[in-house]
Amino acid sequence: QVQLVESGGGLVQAGGSLRLSCAASKRTFSLYSMGWFRQAPGKEREFVAAISRSDGSTYYADSVKGRFTISRDNAKNTVYLQMNSLKPEDTAAYYCAASRTIATMTGFYDYWGQGTQVTVSS
């Protein structure tokens with residue numbers, strides 16, 4: 001099993017930045033593709049970004065392209081989400097997840113973190 005723990009969330013004003021981290025307990029972290037998802041109250045969980053386990057290819061939702069950057073440090077078993085130019089619409093609980101293969105849908109992910117709250121004020 002893989003345990004994932006997110007951190008870095010908080011309250012920030014519109015236009016500000018936050019960097020989320022997701023630490024994995026499993027030594028074989030490099031064998032998993034990683035993704036970030038978010039969920040606002042009353043909304044479905046939506047895809048934000050993903051990074052492959054092999055060549056590090058990245059994928060982004062249209063809503064965050066140009067503002068968010070996903071990266072990973074396999075030596076530290078950690079995946080990051082750098083969020084710039086934050087908007088109130090970005091307010092949500094953010095979750096990291098691990099998948100056997102690169103994917104943009106929640107059903108493909110085997111392990112999930114507990115989430116970290118990001119709140120963007122106007």
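A salt bridge, as I shall use the term, is a side-chain nitrogen of Lys or Arg within 4 Å of a carboxyl oxygen of Asp or Glu. With that in place, I can state the feature on which I should like to concentrate: R38, E46, R67 and D90 are linked in a network of salt bridges. Please keep in mind throughout that we are looking at a predicted model.

Let me begin with the overall architecture. The protein contains eleven strands and zero helices. Its pattern along the sequence is therefore simply one β after another, β-β-β-β-β-β-β-β-β-β-β. The radius of gyration is 13 Å, close to the 14 Å that the globule rule gives for 122 residues, so the protein is as compact as a globular protein of that length. Along the principal axes, the C-alpha atoms fill a box of roughly 40 × 25 × 25 Å.

Turning to burial and contacts, 43% of the 122 residues count as buried. If we take the contacts between residues at least 6 apart in sequence, 58% of them join residues at least 24 apart. The exposed surface comes to about 6,300 Å², and carbon and sulfur atoms supply 47% of that area.

I move now to the charges. There are 13 positive and 9 negative charges, and the mean positions of the two sets are 5 Å apart. How many salt bridges does a search of the whole structure find? The search returns five.

Within the network, I would draw your attention to R38. Its side chain meets that of E46 in a salt bridge, at 2.7 Å from N to O. R38 also forms a salt bridge with D90, where the closest N and O atoms are 2.9 Å apart. Where do these two residues, R38 and D90, lie in the chain? R38 belongs to strand β4, residues 33-39, whereas D90 sits in the loop between β8 (78-83) and β9 (92-99), so the pair ties together parts that are 52 residues apart in sequence.

Are R38 and D90 buried or exposed? Both of them are buried. For R38 the relative accessible area is 6%, and the cut-off for burial is under 20%. E46, by comparison, has 35% relative accessibility and counts as partly exposed.

Another salt bridge joins D62 and K65, with an N to O distance of 3.2 Å. Here both partners, D62 and K65, are exposed.

I shall close with two further buried residues. The first is Y109, which is placed in strand β10, residues 109-112. Its relative accessible area is 5%, and Y109 is accordingly classed as buried. Which residues does Y109 touch, not counting those up to four places away in sequence? They are S33, M34, G35, F37, A50, A97, A98, S99 and A103. Of these contacts, S33 illustrates the sequence separation well: Y109 and S33 are 76 residues apart in sequence, yet 8.9 Å apart in space, C-alpha to C-alpha.

The other residue is N77, found in the loop between β7 (68-73) and β8. N77 counts as buried at 10% relative accessibility. Leaving aside neighbours within four places in sequence, N77 is in contact with C22, A23, A24, K26, R27 and F29.

To return to the starting point, the network links R38, E46, R67 and D90, and R38 and D90 are both buried.

Conventions:
Residues numbered from 1 in each chain as written. Predicted model: local features only at pLDDT ≥ 70, side-chain atom pairs only at ≥ 80, totals over all residues. Heavy atoms only, no water. Helix = DSSP H or I, 4+ residues; strand = E, 2+ residues; numbered from the N terminus. Rg over C-alpha atoms; globule rule 2.2 N^0.38 Å. Buried < 20%, exposed > 50% of the residue type's maximum accessible area, 1.4 Å probe, protein only. Contact = heavy atoms within 4.5 Å. Areas by Shrake-Rupley, 256 points an atom, 1.4 Å probe, with all protein chains shown as cover. Lys, Arg positive; Asp, Glu negative; His and termini not counted. Charge placed at Lys NZ, Arg CZ, Asp CG, Glu CD.
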